[in-house]
Amino acid sequence: MTQNLTSEPDYPTLDLRGTPCPMNFVRTKLRLDKMNPGEVLEVWLDPGEPIEQVPDSLVMDGHIMERIEDRGGFFALQVRRADKSA
């Protein structure tokens with residue numbers, strides 16, 4: 001489920017275009033694990049399996065999908081790091 005919240009990313013964009021599944025999910029998760037709860041990360045993903053799988057996997061991991069935008073040739077998603085202590 002995508003929420004339309006406007007947020008500026010707290011970190012540089014994680015460009016994972018050309019990175020196959022499941023490595024794109026693993027790299028996104030590793031970056032999120034280094035962030036503070038509530039901070040936002042923008043990730044660029046290829047169409048097809050990456051955009052179909054990674055957002056759902058992140059939500060299942062407890063993170064919040066704030067935005068998914070089709071930028072013609074790739075997708076930009078903004079994900080808010082979950083507060084896993086709650």
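**View 1. Overall fold of the predicted model.** The protein chain has two helices and four strands, and in this predicted model the elements run β-α-β-α-β-β from the N terminus on. Of the 86 residues of the protein chain, 35% count as buried. The accessible surface of the protein chain comes to about 4900 Å², and carbon and sulfur atoms account for 51% of that surface. Among the contacts in the protein chain with a separation of 6 or more, 68% are made by residues 24 or more positions apart.

**View 2. The four-stranded sheet and its pairing.** The four strands form an open sheet with the order S1-S2-S4-S3 and mixed pairing. S1 and S3 are the edge strands, each of which pairs on one side only. Strands of a sheet pair through backbone hydrogen bonds, in either the parallel or the antiparallel sense. In this sheet, S1 and S2 are parallel and are joined by two bridges, whereas S2 and strand S4 (residues 75-80) run antiparallel and are joined by six bridges. S3 and S4 likewise pair in the antiparallel sense, over six bridges. Strand S2 (residues 40-45) is largely enclosed by the rest of the structure, because five of its six residues are buried.

**View 3. Bridge partners across the sheet.** One residue pair may be picked out at each of the strand boundaries. Between S1 and S2, leucine 14 has valine 43 of S2 as its bridge partner. Between S2 and S4, the bridge partner of glutamate 42 is glutamine 78 in S4. Between S3 and S4, isoleucine 64 stands opposite arginine 80, a residue of S4.

**View 4. The β-α-β unit and the loop that leads into helix H1.** S1, H1 and S2 together make a right-handed β-α-β unit. The loop between strand S1 (14-15) and H1 contains threonine 19, and proline 22 has its place in this loop as well. Threonine 19 has a relative accessible area of 9% and is therefore buried, the cut-off being under 20%. Leaving aside residues up to four places away in sequence, threonine 19 touches Asn24, Arg27 and Asp46. Most peptide bonds are trans; the bond that joins cysteine 21 and proline 22, however, is cis, with omega about 0°.

**View 5. A nonpolar patch with residues of helix H1.** Met23, Val26 and Leu30 make a nonpolar surface patch of about 240 Å². Valine 26 is found in helix H1, which comprises residues 23-33. The relative accessibility of valine 26 is 33%, so this residue counts as partly exposed.

**View 6. Salt bridges of lysine 29 and aspartate 33.** A search of the whole structure finds six salt bridges, and one of them joins the side chains of lysine 29 and aspartate 33, with an N to O distance of 3.7 Å. Because lysine 29 and aspartate 33 are four residues apart in helix H1, about one helical turn separates them. Both residues count as partly exposed, lysine 29 at 25% relative accessibility and aspartate 33 with a relative accessible area of 37%. Lys29 and Asp33 are also linked with Asp61 in a network of salt bridges.

**View 7. Arginine 71 and its two glutamate partners.** Glutamate 42 forms a salt bridge with arginine 71, in which the closest N and O atoms are 3.5 Å apart. Since glutamate 42 lies in strand S2 and arginine 71 in the loop between strand S3 (64-70) and S4, this pair ties together parts that are 29 residues apart in sequence. The two residues fall into separate accessibility classes: glutamate 42 counts as buried at 8% relative accessibility, while arginine 71 is partly exposed, with a relative accessible area of 32%. Arginine 71 also forms a salt bridge with glutamate 69, and here the closest N and O atoms are 3.3 Å apart. Glutamate 69 counts as partly exposed, at 31% relative accessibility.

Technical notes
Residues numbered from 1 in each chain as written. Predicted model: local features only at pLDDT ≥ 70, side-chain atom pairs only at ≥ 80, totals over all residues. Heavy atoms only, no water. Patch = residues over 30% accessible without salt bridge, like charges linked within 9 Å, V, L, I, M, F, W, Y side chains within 5 Å. Areas by Shrake-Rupley, 256 points an atom, 1.4 Å probe, with all protein chains shown as cover. Salt bridge = Lys/Arg side-chain N within 4 Å of Asp/Glu carboxyl O. Buried < 20%, exposed > 50% of the residue type's maximum accessible area, 1.4 Å probe, protein only. Contact = heavy atoms within 4.5 Å. Pairing = 2+ DSSP bridges. Right-handed = clockwise from strand over helix to strand, strands pointing away.
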